[in-house]
Amino acid sequence: MKKSTIIFFTVLGILCNAQNFKTKRGIVSLDGVHVAKISNKSNIYTFMDLGETPMYTMEFIDKSIVDSVRDSYIKLNRVYNRDKTIEIDYISPSAFSGEEKSAVYTSIKGLKVIDNKGINVKNLDEIFKNVPKRKLDSKTKDAYTTRNKIDKLNIEVNKVGEIISNGVPVGYFTNLPVSFGSEDTITDKTFIDIEVYDAKSKYIGKYITTTKQIKTANGKIFTIYREMSGRAALLKFPTYKAIAERMAIMDPNFIKVQEKVIVGDVVKGNAEK
(Lines give C-alpha, C1' and ligand atoms only; values in the text may rest on other atoms or scores of the structure.)
Protein backbone atom coordinates (compact mmCIF):
# COMPACT_ATOMS: atom_id res chain seq x y z
CA MET A 1 0.00 0.00 0.00
CA LYS A 2 1.38 3.40 -0.95
CA LYS A 3 2.36 5.81 1.79
CA SER A 4 -0.15 8.43 0.58
CA THR A 5 -2.96 5.87 0.80
CA ILE A 6 -2.00 4.98 4.37
CA ILE A 7 -2.04 8.64 5.37
CA PHE A 8 -5.44 9.13 3.72
CA PHE A 9 -7.07 6.27 5.63
CA THR A 10 -5.39 7.37 8.88
CA VAL A 11 -6.79 10.90 8.57
CA LEU A 12 -10.17 9.50 7.51
CA GLY A 13 -10.24 7.28 10.60
CA ILE A 14 -9.46 10.22 12.86
CA LEU A 15 -12.22 12.31 11.27
CA CYS A 16 -14.74 9.49 11.55
CA ASN A 17 -13.96 8.98 15.25
CA ALA A 18 -13.85 12.68 16.11
CA GLN A 19 -16.47 13.92 18.52
CA ASN A 20 -18.11 17.24 17.83
CA PHE A 21 -19.81 18.88 20.78
CA LYS A 22 -21.71 22.08 21.39
CA THR A 23 -23.72 23.67 24.16
CA LYS A 24 -26.88 25.62 23.42
CA ARG A 25 -29.43 26.86 25.94
CA GLY A 26 -27.95 24.64 28.64
CA ILE A 27 -28.08 21.44 26.58
CA VAL A 28 -24.85 19.59 25.75
CA SER A 29 -24.89 17.81 22.39
CA LEU A 30 -22.33 15.28 21.19
CA ASP A 31 -22.26 14.51 17.48
CA GLY A 32 -25.73 16.06 17.22
CA VAL A 33 -27.26 14.01 20.05
CA HIS A 34 -28.37 15.57 23.35
CA VAL A 35 -26.36 13.92 26.14
CA ALA A 36 -26.45 16.21 29.20
CA LYS A 37 -27.51 19.55 30.62
CA ILE A 38 -25.44 22.27 32.26
CA SER A 39 -26.24 25.28 34.44
CA ASN A 40 -24.10 28.01 35.93
CA LYS A 41 -24.48 29.83 39.22
CA SER A 42 -21.73 31.93 40.81
CA ASN A 43 -19.19 30.42 38.39
CA ILE A 44 -19.97 26.88 39.52
CA TYR A 45 -21.06 24.67 36.63
CA THR A 46 -23.53 21.90 37.45
CA PHE A 47 -23.79 18.97 35.04
CA MET A 48 -27.11 17.13 34.94
CA ASP A 49 -28.55 14.21 33.04
CA LEU A 50 -31.33 14.90 30.54
CA GLY A 51 -33.86 14.41 33.35
CA GLU A 52 -32.18 17.38 35.11
CA THR A 53 -30.79 15.29 37.97
CA PRO A 54 -27.54 17.00 39.14
CA MET A 55 -24.54 14.65 38.89
CA TYR A 56 -21.39 16.73 39.46
CA THR A 57 -20.12 20.30 39.60
CA MET A 58 -17.05 22.10 38.28
CA GLU A 59 -15.65 25.29 39.76
CA PHE A 60 -12.83 27.13 37.99
CA ILE A 61 -10.05 28.36 40.26
CA ASP A 62 -7.44 30.91 39.24
CA LYS A 63 -5.23 31.98 42.11
CA SER A 64 -1.96 33.78 42.64
CA ILE A 65 0.78 31.62 44.14
CA VAL A 66 3.62 34.10 44.38
CA ASP A 67 4.63 37.17 42.37
CA SER A 68 3.22 36.85 38.83
CA VAL A 69 2.86 33.06 38.89
CA ARG A 70 -0.73 31.84 39.01
CA ASP A 71 -2.33 28.42 39.06
CA SER A 72 -5.52 27.58 37.16
CA TYR A 73 -7.44 24.36 37.80
CA ILE A 74 -10.91 23.07 38.57
CA LYS A 75 -12.58 21.74 41.69
CA LEU A 76 -14.67 18.68 40.88
CA ASN A 77 -17.46 17.63 43.23
CA ARG A 78 -20.07 14.89 43.25
CA VAL A 79 -23.44 16.43 44.06
CA TYR A 80 -24.46 13.65 46.44
CA ASN A 81 -21.19 13.92 48.39
CA ARG A 82 -20.38 17.58 48.96
CA ASP A 83 -17.62 16.74 51.45
CA LYS A 84 -15.44 15.14 48.77
CA THR A 85 -13.98 17.70 46.40
CA ILE A 86 -10.93 17.03 44.25
CA GLU A 87 -8.62 19.39 42.39
CA ILE A 88 -7.70 18.45 38.82
CA ASP A 89 -6.32 20.03 35.66
CA TYR A 90 -8.71 21.19 33.00
CA ILE A 91 -8.23 21.23 29.25
CA SER A 92 -9.61 23.73 26.81
CA PRO A 93 -10.21 23.64 23.04
CA SER A 94 -8.42 26.99 22.70
CA ALA A 95 -6.81 29.74 24.74
CA PHE A 96 -9.85 31.94 24.13
CA SER A 97 -12.50 29.44 25.21
CA GLY A 98 -14.81 30.49 28.02
CA GLU A 99 -15.28 28.53 31.21
CA GLU A 100 -18.46 26.80 30.09
CA LYS A 101 -16.89 25.50 26.89
CA SER A 102 -13.77 24.43 28.80
CA ALA A 103 -15.93 22.62 31.39
CA VAL A 104 -17.77 20.67 28.70
CA TYR A 105 -14.56 19.98 26.78
CA THR A 106 -12.84 18.71 29.94
CA SER A 107 -15.81 16.46 30.72
CA ILE A 108 -15.79 14.90 27.25
CA LYS A 109 -12.17 14.91 26.14
CA GLY A 110 -10.23 14.99 29.39
CA LEU A 111 -12.23 13.12 32.02
CA LYS A 112 -14.42 11.14 29.61
CA VAL A 113 -17.41 11.37 31.94
CA ILE A 114 -19.75 12.42 29.13
CA ASP A 115 -20.12 10.19 26.08
CA ASN A 116 -22.76 9.50 23.42
CA LYS A 117 -24.92 7.74 26.04
CA GLY A 118 -24.91 10.64 28.49
CA ILE A 119 -23.07 11.11 31.78
CA ASN A 120 -20.91 8.07 32.47
CA VAL A 121 -21.36 7.57 36.23
CA LYS A 122 -18.91 4.64 36.31
CA ASN A 123 -16.09 6.77 34.92
CA LEU A 124 -17.05 9.62 37.23
CA ASP A 125 -16.85 7.37 40.31
CA GLU A 126 -13.50 6.01 39.12
CA ILE A 127 -12.02 9.51 39.03
CA PHE A 128 -12.92 10.04 42.68
CA LYS A 129 -11.47 6.65 43.62
CA ASN A 130 -8.22 7.23 41.73
CA VAL A 131 -7.72 10.97 41.64
CA PRO A 132 -5.53 11.94 38.66
CA LYS A 133 -2.32 13.76 39.55
CA ARG A 134 -2.09 17.34 38.48
CA LYS A 135 0.44 18.14 35.78
CA LEU A 136 2.28 21.17 37.11
CA ASP A 137 5.13 22.68 35.14
CA SER A 138 8.46 23.39 36.86
CA LYS A 139 7.67 27.09 37.22
CA THR A 140 4.43 26.40 39.08
CA LYS A 141 6.07 23.75 41.30
CA ASP A 142 8.84 26.18 42.22
CA ALA A 143 6.25 28.83 42.99
CA TYR A 144 4.43 26.49 45.41
CA THR A 145 7.75 25.66 47.11
CA THR A 146 8.44 29.36 47.52
CA ARG A 147 4.88 29.98 48.72
CA ASN A 148 5.30 27.29 51.40
CA LYS A 149 8.47 28.96 52.68
CA ILE A 150 6.79 32.37 52.70
CA ASP A 151 3.73 31.11 54.56
CA LYS A 152 5.94 29.79 57.35
CA LEU A 153 7.45 33.27 57.78
CA ASN A 154 3.99 34.84 58.17
CA ILE A 155 5.18 38.30 57.14
CA GLU A 156 3.23 41.53 57.68
CA VAL A 157 4.12 45.20 57.22
CA ASN A 158 2.67 47.62 59.76
CA LYS A 159 1.64 51.26 59.34
CA VAL A 160 5.11 52.63 60.17
CA GLY A 161 6.99 50.44 57.68
CA GLU A 162 8.10 47.79 60.15
CA ILE A 163 8.38 44.22 58.84
CA ILE A 164 6.87 41.64 61.20
CA SER A 165 7.44 37.87 61.03
CA ASN A 166 5.31 35.63 63.25
CA GLY A 167 4.62 38.60 65.52
CA VAL A 168 8.28 39.63 65.89
CA PRO A 169 9.84 42.77 64.29
CA VAL A 170 12.56 41.63 61.88
CA GLY A 171 13.23 44.69 59.75
CA TYR A 172 11.90 47.89 58.24
CA PHE A 173 11.52 49.93 55.04
CA THR A 174 13.06 53.35 54.42
CA ASN A 175 12.51 56.01 51.74
CA LEU A 176 8.80 55.29 51.85
CA PRO A 177 6.59 57.35 49.49
CA VAL A 178 3.99 59.78 50.82
CA SER A 179 1.16 57.35 50.08
CA PHE A 180 2.53 54.73 52.47
CA GLY A 181 0.10 53.86 55.23
CA SER A 182 -2.94 54.55 53.09
CA GLU A 183 -2.07 52.17 50.24
CA ASP A 184 -0.73 48.62 50.28
CA THR A 185 0.82 48.86 46.82
CA ILE A 186 3.70 50.98 45.57
CA THR A 187 2.14 53.18 42.91
CA ASP A 188 4.00 56.46 43.41
CA LYS A 189 6.24 57.46 40.53
CA THR A 190 9.45 58.18 42.40
CA PHE A 191 13.09 57.82 41.46
CA ILE A 192 14.10 57.14 45.05
CA ASP A 193 14.61 53.42 45.71
CA ILE A 194 12.82 51.91 48.69
CA GLU A 195 15.37 50.21 50.96
CA VAL A 196 15.03 47.31 53.37
CA TYR A 197 17.02 46.83 56.59
CA ASP A 198 16.91 44.08 59.18
CA ALA A 199 16.10 44.62 62.87
CA LYS A 200 19.78 45.43 63.58
CA SER A 201 19.82 48.09 60.82
CA LYS A 202 21.86 45.93 58.46
CA TYR A 203 21.17 46.80 54.81
CA ILE A 204 19.33 43.89 53.11
CA GLY A 205 18.43 45.31 49.72
CA LYS A 206 16.20 47.69 47.81
CA TYR A 207 13.20 47.89 45.52
CA ILE A 208 14.04 49.88 42.38
CA THR A 209 10.83 51.77 41.64
CA THR A 210 11.71 52.63 38.04
CA THR A 211 12.30 49.02 36.92
CA LYS A 212 10.16 47.13 39.48
CA GLN A 213 13.23 45.13 40.46
CA ILE A 214 14.40 43.90 43.84
CA LYS A 215 18.15 43.92 44.38
CA THR A 216 19.74 42.39 47.46
CA ALA A 217 22.91 43.60 49.15
CA ASN A 218 24.80 40.65 47.65
CA GLY A 219 23.73 41.55 44.10
CA LYS A 220 20.81 39.19 43.43
CA ILE A 221 18.14 40.73 41.19
CA PHE A 222 14.50 39.76 40.78
CA THR A 223 11.90 41.48 38.58
CA ILE A 224 8.41 41.50 40.09
CA TYR A 225 5.44 40.78 37.81
CA ARG A 226 7.51 40.47 34.66
CA GLU A 227 5.13 38.15 32.82
CA MET A 228 1.65 36.69 32.80
CA SER A 229 0.83 33.14 33.83
CA GLY A 230 -2.36 31.17 33.27
CA ARG A 231 -5.46 33.23 32.61
CA ALA A 232 -4.50 36.12 34.85
CA ALA A 233 -3.97 39.74 33.92
CA LEU A 234 -0.53 41.17 34.51
CA LEU A 235 -0.19 42.79 37.93
CA LYS A 236 1.48 46.18 37.60
CA PHE A 237 2.36 47.18 41.14
CA PRO A 238 3.76 45.09 44.03
CA THR A 239 2.69 45.32 47.64
CA TYR A 240 5.14 46.11 50.42
CA LYS A 241 4.40 42.70 51.85
CA ALA A 242 5.31 41.02 48.53
CA ILE A 243 8.65 42.86 48.49
CA ALA A 244 9.45 41.80 52.05
CA GLU A 245 8.49 38.21 51.24
CA ARG A 246 10.63 38.07 48.10
CA MET A 247 13.56 39.70 49.93
CA ALA A 248 13.32 36.98 52.58
CA ILE A 249 13.49 34.28 49.90
CA MET A 250 16.42 35.92 48.10
CA ASP A 251 18.36 36.41 51.35
CA PRO A 252 17.73 33.43 53.69
CA ASN A 253 19.66 35.18 56.48
CA PHE A 254 17.20 38.08 56.54
CA ILE A 255 14.34 36.23 58.26
CA LYS A 256 14.51 32.76 59.72
CA VAL A 257 11.61 30.61 60.85
CA GLN A 258 11.57 30.09 64.59
CA GLU A 259 10.95 26.37 64.93
CA LYS A 260 10.57 26.32 68.72
CA VAL A 261 8.79 28.63 71.10
CA ILE A 262 11.14 29.45 73.98
CA VAL A 263 9.51 29.95 77.37
CA GLY A 264 10.87 30.48 80.84
CA ASP A 265 11.02 27.94 83.61
CA VAL A 266 7.67 26.78 84.92
CA VAL A 267 7.35 27.25 88.68
CA LYS A 268 4.50 25.53 90.41
CA GLY A 269 2.68 27.53 93.05
CA ASN A 270 2.91 26.35 96.69
CA ALA A 271 5.76 24.04 95.78
CA GLU A 272 7.27 24.49 99.26
CA LYS A 273 5.32 23.60 102.32
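Colleague: Is Glu156 buried, partly exposed or exposed?
Modeller: The model is predicted. Buried would need under 20% relative accessible area and exposed over 50%. Glu156 has a relative accessible area of 42%, so Glu156 falls between the two cut-offs and counts as partly exposed.

Colleague: Which residue forms a salt bridge with Glu156?
Modeller: Glu156 sits in strand β10 (residues 155–157), and the pair links this strand to helix α5, 85 residues apart. The partner has a relative accessible area of 34% and is partly exposed. The closest N and O atoms are 3.5 Å apart, and the partner is Lys241.

Colleague: Which residue in helix α5 pairs with Arg147 of helix α4?
Modeller: Helix α5 covers residues 240–250, and the pair ties together parts that are 98 residues apart in sequence. The partner in helix α5 is buried, with a relative accessible area of 9%, whereas Arg147 is partly exposed at 21%. The two side chains meet in a salt bridge of 3.5 Å, N to O, and the partner is Glu245.

Colleague: How many residues apart are Asp151 and Arg147?
Modeller: Asp151 forms a salt bridge with Arg147, with 3.1 Å between the closest N and O atoms. Asp151 is partly exposed, at 48% relative accessible area. Both residues lie in helix α4 (residues 138–153), and their spacing, about one turn of the helix, is four residues.

Colleague: How many salt bridges does the structure hold?
Modeller: Besides the pairs above, Asp71, Asp89 and Arg134 are linked in a network of salt bridges. For the structure, the count is nine.

Definitions and conventions: Residues are numbered from 1 along each chain as its sequence is written. This is a predicted model: local features need pLDDT of at least 70, side-chain atom pairs count only at pLDDT 80 or more; totals for chains, interfaces and linings use all residues. Side-chain values use heavy atoms; hydrogens and water are left out. A salt bridge is a side-chain nitrogen of Lys or Arg within 4 Å of a carboxyl oxygen of Asp or Glu. Helices (H or I, at least four residues) and strands (E, at least two) are DSSP runs, numbered from the N terminus. Buried means under 20% relative accessible area, exposed over 50%, partly exposed in between (1.4 Å probe, protein chains only).
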